[in-house]
Amino acid sequence: MSLSKSERRQRIKFRIRKIVSGSAAKPRLSVFRSNKEIYAQLIDDVNGVTLLAASSRDKEVDSKGTNVEVAAAVGKLVAEKALKAGIDTITFDRGGYLYHGRIQSLAEGARAAGLKF
């Protein structure tokens, strides 16, 4: 029996989450991708809190352009917010998605804006 696309992604996500964990000093950058939007949040898994978040729905993000360009802008925004909050090193959680397209663009945007991972 084959898995559906969402079931397969959930299995990959759980496999990643066994390894990747965030703390207050080095939070986890978690990415969620829907068909229309992309969301990113920095999570402290030790205390179970979201430190900050950014998405393509935010006013600061220019939602004109391709999805890949918008994802890069979200990555840049989350990096700027993190640096303002005193966070410069993170761990990246691709959320079960393949590391290409919008996910890769978001990660590269965050790296370009100064986050280390």
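Author: Contact here means heavy atoms within 4.5 Å. With that cut-off, and bearing in mind that this is a predicted model, covering of helix 2 can be read off: what covers its buried residues includes strand 1, strand 2, strand 3 and helix 3.

Reader: Which residues of helix 2 do you call buried?

Author: Val70, Ala71, Val74, Gly75, Leu77, Val78, Ala79 and Ala82. Buried means under 20% relative accessible area, so these residues of helix 2 get the label.

Reader: How do you know that the length of helix 2 agrees with its number of residues?

Author: Take 1.5 Å times one less than the number of residues. Helix 2 has 18 residues, so the expected span is 26 Å, and its end C-alpha atoms are 26 Å apart, which agrees. Right after helix 2 comes Gly86, with a positive phi near 90°.

Reader: What makes the largest nonpolar core a core, and how many residues has it?

Author: The set must be buried nonpolar residues joined through side-chain atoms within 4.5 Å. Here 24 residues make up the largest such set, and Leu29, Ile38, Leu42, Val74, Phe92 and Leu106 have the most contacts inside it. Two or more residues come from each of strand 1 (28-33), strand 2 (38-44), strand 3 (49-55), helix 2 (67-84) and helix 3 (102-112). Helix 2 gives the most, seven residues. In soluble globular proteins, nonpolar side chains tend to be buried together.

Reader: Why is strand 2 called largely enclosed?

Author: Five of its seven residues are buried, so the rest of the structure largely encloses strand 2. Take Leu42: leaving aside neighbours within four places in sequence, Leu42 touches Pro27, Arg28, Leu29, Val49, Thr50, Leu51, Leu52, Ala82, Ile87 and Ile90.

Reader: What makes strand 1 and strand 2 a pair?

Author: Pairing needs at least two bridges. Strand 1 and strand 2 have six, in the antiparallel sense, so they qualify. One of the bridge partnerships links Ser30 with Gln41 of strand 2, and the hairpin they form has four residues between the strands.

Reader: How many bridges join strand 2 to strand 3, and in which sense do they run?

Author: Six, and antiparallel; Ala40, for instance, has Ala54 in strand 3 as its bridge partner. Four residues lie between these strands in their hairpin, where Gly48 takes a positive phi near 70°.

Reader: What do the buried residues of helix 3 pack against?

Author: Strand 1, strand 2, helix 2 and strand 4 (91-93). Those buried residues are Arg102, Ile103, Ser105, Leu106, Ala107, Gly109 and Ala110. Gly114 follows helix 3, its phi positive and near 120°.

Terms used
Residues are numbered from 1 along each chain as its sequence is written. This is a predicted model: local features need pLDDT of at least 70, side-chain atom pairs count only at pLDDT 80 or more; totals for chains, interfaces and linings use all residues. Side-chain values use heavy atoms; hydrogens and water are left out. Buried means under 20% relative accessible area, exposed over 50%, partly exposed in between (1.4 Å probe, protein chains only).
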